[in-house]
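Colleague: I should like to learn how such a model is read, from the overall fold down to a single side chain. Please give the general idea before each case.

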Amino acid sequence: MSTRATIAVRRPSGDYLAVYLHFDGYPEHAGKLLEANYLTAEEVETLVQRGDIRCLDSELGEPEYYDTEVPSTTLPTLEAMLDYSRNCGAAYVYIFDDGQWATRKLS
C-alpha cells in the first residue's frame, strides 16, 4: 500500500501548481526530502512542472516521474487544491508558500 500525497507551490499570482505523489508521501520521507532539497519557489515549481511523480529518491529527493506524463494542475485557491488532493486519495499535502514548507494531513 502506498502513502499518497500532493506537492504544491503557491505562485505570486495566488494560484497553486500541484502534482500527485504516489509512493512514500509520509512526512518522515517526502516531508524531510522536500524540506532538505527544495528550498526556493523556483526549485519547487521546477519539481512539479513536469507532472505527477511516482516517488522521491530516498537520498537526494530526486523525482521519478511516470513514463506517461500526467501534467501538473493549476488550481485557483487553497480549497480547490485541497479538493484536488482529496480526489487523488492523498493522505498528506505539502505546500511551499512564502519561502517555507507547510504540511497538512488530510482525513
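Modeller: The radius of gyration is taken over C-alpha atoms, and the globule rule is 2.2 Å times the number of residues to the power 0.38. This is a predicted model, in which local features need pLDDT of at least 70 and side-chain atom pairs pLDDT 80 or more, while totals for chains, interfaces and linings use all residues. Residues are numbered from 1 along each chain as its sequence is written, and side-chain values use heavy atoms, without hydrogens and water.

Colleague: What radius of gyration does the chain have, beside that of a compact globule?

Modeller: The chain has 12 Å, which agrees with the value near 13 Å for a compact globule of 107 residues. Its C-alpha trace spans about 30 × 25 × 25 Å along the principal axes.

Colleague: In what order do the elements of the chain run?

Modeller: Helices (H or I, at least four residues) and strands (E, at least two) are DSSP runs, numbered from the N terminus. Here the order is β-β-α-α-β-β-β-α-β-β, with 3 helices and 7 strands.

Colleague: Is histidine 22 buried or exposed?

Modeller: Buried means under 20% relative accessible area and exposed over 50%, with partly exposed in between (1.4 Å probe, protein chains only). Histidine 22 counts as buried because its relative accessibility is 15%. The residue lies in the loop between strand E2 (16-21) and helix H1 (27-37).

Colleague: Which side chains does histidine 22 join through polar contacts?

Modeller: A polar contact is a pair of N or O atoms within 3.5 Å; within protein, one must be able to donate a hydrogen and the other to accept it, and residues adjacent in sequence count only if both atoms are side-chain atoms. The side chain of histidine 22 has such a contact with that of tyrosine 20 at 2.4 Å and with that of serine 2 at 3.4 Å.
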